[in-house]
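Thank you for making time for this. I would like to walk you through one structure, going from its helix pairs to its cores and then to a few single residues.

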Amino acid sequence: MSVQFIGMIGHRLASEIIPPTGPIFDKKYIADFARAHEDAGFDRILVAYASDQPDAFLVTAHAGASTSRIHFLLAHRPGFVAPTLAARKLATLDHLLEGRVAVHIISGGSDAEQRRDGDFEPKSGRYQRTDEYIDVLKQSWYSETGFDHQGEFYQAENAFSAIKPYQKKLPVFFGGSSDDAIRVAGKQADVFALWGEPLESAAETVAAVKASAAKHQREVDFSISFRPILGKTEEEAWAKADEILAKATAQQAEKGQALAAKPQSVGAQRLLKAVAQGDRLDSCLWTGIAGLIGGGSNSTALVGTPEQVSDALLKYYDLGITTFLIRGFDPLNDAVEYGKSLIPLTKQKIAARQALNKTTATTLV
């Protein structure tokens, strides 16, 4: 199995330890950030969604126009754009970027966040709506004739999209840890995305999604997210982690309130369960920031030398997880650093494994 690395870009410089800097839609920063990921050897970049932030479609279009090879993962929430229109928007963007687009469907883990955009559907119904939404997306992308759809959430009569994805198949990423999410993932996802859980709980999620997919005679790939903190020595890396926690705590205090957690999100609850187990888990998994922000985002880190963090990633690879979303607390500089060490080192180790397995298989024949 090959391995892929996904980065993440924002529309301006900001993180848990860096106050927002520059204009809210910083065109130069977006372009520089995207090119830094491309030069660092990332395979894809996530462009996130938030109810109060610039439109991710336009951020992706600008970043894509500023690069030539790297692919993109556009986060998109059902409920705000009709699926027939979203299908055309995504297909058009895929043509603009010549097949470099995938979509990450996010049902939404917080009622408060959803209501900012006018969505009052309860969490239990959002996954059911997502399932139907993806059905309509796929019909729009791949139907050669008009189709009718009469569902619980959407209706369409003789719907048809003249523009199809530039790719033969536009990849659908999907995330969520609830039973409803696992059910939808098994039916709809090409790639299931996990936050950075300990190995044992990550293995449980992988098994659950595989079982759900098997009910539909499907197979699903897996992605997991971490915030690597690298040092020339293990001691240096952990000192950086301590410094990051101190800066994040100070920034949170300066804001006068805790960063928003997502208590309704099962994914956040799972991260908080990991926090309760300790701040250092497995070989080098650190939960310090996850605890500080209430498990509200992909906030767990792998801490150590590039060699140690690479070895930790390989343990997840052995679970069947072949895509790693990595982003740092110093976003652009960390992306550059990952490209110098962590990404090539991990890819080299996996390539060496594959070569060894191929040689062994040939010998046994």
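Before anything else, please keep in mind that what you see is a predicted model.

Let me begin with residue A87, which lies in helix α3, the helix that runs over residues 83–96. A87 is buried, and its relative accessible area is 0%. Leaving aside residues up to four places away in sequence, A87 touches L137, S140 and W141. If you would like a sense of spacing, A87 and V101 are separated by 14 residues in sequence, while their C-alpha atoms are 12 Å apart in space.

Those neighbours of A87 lead to the helix pair formed by α3 and α5. Helix α5 covers residues 123–142, and its axis and that of α3 come within 8 Å and cross at roughly 55°. That angle makes α3 oblique to α5. On the α3 side the contact is made by P83, T84, A86, A87, L90 and A91, and on the α5 side by Y133, V136, L137, S140 and W141. As for handedness, α3 passes α5 in a right-handed crossing.

Now to another pair, helix α1, residues 27–40, and helix α12. How do their axes cross, and within what distance do they come? The axes of α1 and α12 come within 8 Å and cross at roughly 15°, and these two helices are therefore roughly parallel to each other. Here α1 passes α12 in a left-handed crossing. The residues in contact are Y29, D32, F33, A36, H37 and A40 from α1, together with P331, L332, A335, V336 and G339 from α12.

It is worth staying with α12 for a moment. In this helix, which spans residues 331–340, the buried residues are P331, D334, A335, Y338 and G339. They cover an arc of only 145° around the axis, so they sit on the same side of α12. Among them, P331, A335 and G339 also appear in the contact with α1.

Helix α2, residues 56–65, is mostly covered, with seven of its 10 residues buried. The buried residues in α2 are A56, F57, V59, T60, A61, A63 and G64. What do they pack against? Their partners are the strands β1 (4–9), β2 (44–47) and β3 (71–76), along with the helices α1 and α3, so please look for α2 with both helices and strands around those buried positions.

Let me turn to the nonpolar cores. The largest one has 73 residues, and within it F42, W141, F174, F192, Y316 and F324 touch the most other members. The largest share of this core, six residues, comes from helix α11, which covers residues 306–317. There is also a second, separate core of 14 residues, which includes I229, W238, A241 and A301.

One of those well-connected members deserves a closer look, namely Y316. Not counting residues up to four places away in sequence, Y316 touches E197, P198, L199, A202, I224, F226, D282, L285, I321 and F324.

Next is T205, which lies in helix α7, residues 199–214. Is T205 buried or exposed? At 7% relative accessibility, T205 counts as buried. With residues up to four places away in sequence again left out, T205 touches I182, F192, L194, E197 and R270.

A further buried residue is E113, whose place is in helix α4, residues 111–116, and whose relative accessible area is 14%. E113 touches A50, S51 and R77, once more not counting residues up to four places away in sequence. Of these partners, A50 is 63 residues away from E113 in sequence, yet in space the two C-alpha atoms are 8.1 Å apart.

I would like to finish with two residues on the exposed side, E98 and N158. The phi angle of E98 is near 55°, a positive value in a residue other than glycine, and E98 lies in the loop between α3 and β4 (101–105). At 56% relative accessibility, E98 counts as exposed. N158, for its part, is found in strand β6, residues 155–159, and its phi is also near 55°, again positive in a residue that is not glycine. N158 is exposed too, with a relative accessible area of 56%.

Technical notes. Residues are numbered from 1 along each chain as its sequence is written. This is a predicted model: local features need pLDDT of at least 70, side-chain atom pairs count only at pLDDT 80 or more; totals for chains, interfaces and linings use all residues. Side-chain values use heavy atoms; hydrogens and water are left out. Buried means under 20% relative accessible area, exposed over 50%, partly exposed in between (1.4 Å probe, protein chains only). Helices (H or I, at least four residues) and strands (E, at least two) are DSSP runs, numbered from the N terminus. The arc is that of the directions from the helix axis to the C-beta atoms. Contact means heavy atoms within 4.5 Å. A nonpolar core is a set of buried Ala, Val, Leu, Ile, Met, Phe, Trp, Tyr and Cys residues joined through side-chain atoms within 4.5 Å. Axes are lines fitted to C-alpha atoms, for helices over the stretch in contact, and angles run from 0 to 180 degrees between N-to-C directions. Angles under 35 degrees count as roughly parallel, over 145 as roughly antiparallel, 65 to 115 as roughly perpendicular and the rest as oblique. A crossing is left-handed if the near helix is turned anticlockwise from the far one by less than a right angle, and right-handed if clockwise.
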